[in-house]
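The following account leads through a single protein model, from its overall form to individual side chains. Please keep the sequence and the coordinates in view while reading.

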Amino acid sequence: MSEPTGKYSITMPRDIAEAAKARSGPSGLSAYVAAAVARQIERDNLNELITVAEAEHGPVTDDDIQSLRDQLTEARREQNQHGASAA
């Protein structure tokens, strides 16, 4: 069952509206805009969480980010090796 909807009037630059219309596909402009707004809310919420975490633990450094990327790359490599040997 889908969420209840409401009708809203928004104003946006014409070129953005036309590009959105062109990309909206069969679901239509309203669904396209709703999905874009939902993604923005997710990003805003994530930024709020990051701000709280950095206030409590300090900022994340480039070295921290690279270390986590390296760990993720290694975990994916191991997962692929285990997946290939199980097949």
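How many helices and how many strands does the protein have? In this predicted model, the protein has three helices and zero strands. Read from the N terminus, the order of elements is α-α-α. The radius of gyration is 21 Å, whereas the globule rule gives 12 Å for 87 residues; the value is well over that figure, so the protein is more spread out than a compact globule. Along the principal axes, the C-alpha atoms occupy a box of roughly 50 × 45 × 30 Å.

The surface may be considered next. Of the 87 residues in the protein, 5% are buried. The accessible surface amounts to about 8,100 Å², and carbon and sulfur atoms account for 55% of this area. As to charge, the protein carries 9 positive and 14 negative side chains, with a distance of 15 Å between the centres of the two sets.

The helices can be taken in turn, beginning with α1, which covers residues 14–23. Arg 14 belongs to this helix. Its relative accessible area is 68%, and because the cut-off for an exposed residue is over 50%, Arg 14 is classed as exposed. How far apart in space are Arg 14 and Gln 66, C-alpha to C-alpha? The two residues are separated by 52 residues in sequence and by 40 Å in space.

Helix α1 also holds a charged pair. Side chains of opposite charge can pair when their charged atoms come close. Lys 21 and Glu 18 form a salt bridge, with an N to O distance of 3.9 Å; the cut-off for such a contact is within 4 Å. Both residues lie in α1, three residues apart, or about one turn of the helix. An α-helix has 3.6 residues a turn, so residues three or four places apart point the same way. Lys 21 is partly exposed at 47% relative accessibility, and Glu 18 is likewise partly exposed, at 44%.

Helix α2 spans residues 28–57 and has 30 residues. From its first C-alpha to its last, α2 reaches 43 Å, which is close to the 44 Å expected at 1.5 Å a residue. Leu 46 is a member of this helix and, with a relative accessible area of 49%, is partly exposed. The C-alpha atoms of Leu 46 and Leu 72 lie 20 Å apart, with their positions 26 residues apart along the chain. His 57 also belongs to α2. Is His 57 buried or exposed? At 64% relative accessibility, His 57 counts as exposed.

The chain then leaves α2. Just after this helix, Gly 58 adopts a positive phi of about 95°. Pro 59 is located in the loop between α2 and α3, where its relative accessible area of 63% makes it exposed.

Helix α3 comprises residues 62–86 and contains a further charged pair. Which residue forms a salt bridge with Glu 74? The partner is Arg 77, and the closest N and O atoms of the two side chains are 2.4 Å apart. Glu 74 and Arg 77 are three residues apart in α3, a separation of about one helical turn. Glu 74 is partly exposed, having a relative accessible area of 33%, and Arg 77 is partly exposed as well, at 38%. With this pair and that of Lys 21 and Glu 18, the count of salt bridges comes to two.

Glu 74 also serves as a reference point for the end of α2 and the loop that follows. Between His 57 and Glu 74 the C-alpha distance is 26 Å, for a separation of 17 residues in sequence. Between Pro 59 and Glu 74 it is 24 Å, for a separation of 15 residues.

In summary, the model presents three helices and zero strands in an arrangement that is more spread out than a compact globule. Buried residues make up 5% of the protein, and each of the two salt bridges joins residues within one helix: Lys 21 and Glu 18 in α1, and Glu 74 and Arg 77 in α3.

Technical notes. Residues are numbered from 1 along each chain as its sequence is written. This is a predicted model: local features need pLDDT of at least 70, side-chain atom pairs count only at pLDDT 80 or more; totals for chains, interfaces and linings use all residues. Side-chain values use heavy atoms; hydrogens and water are left out. Helices (H or I, at least four residues) and strands (E, at least two) are DSSP runs, numbered from the N terminus. The radius of gyration is taken over C-alpha atoms; the globule rule is 2.2 Å times the number of residues to the power 0.38. Buried means under 20% relative accessible area, exposed over 50%, partly exposed in between (1.4 Å probe, protein chains only). Accessible areas come from the Shrake-Rupley method with a 1.4 Å probe; for residues, only the protein chains shown count as cover. Lys and Arg count as positive and Asp and Glu as negative; His and the chain ends are not counted. The place of a charge is taken as NZ of Lys, CZ of Arg, CG of Asp or CD of Glu. The expected span of a helix is 1.5 Å times one less than its number of residues.
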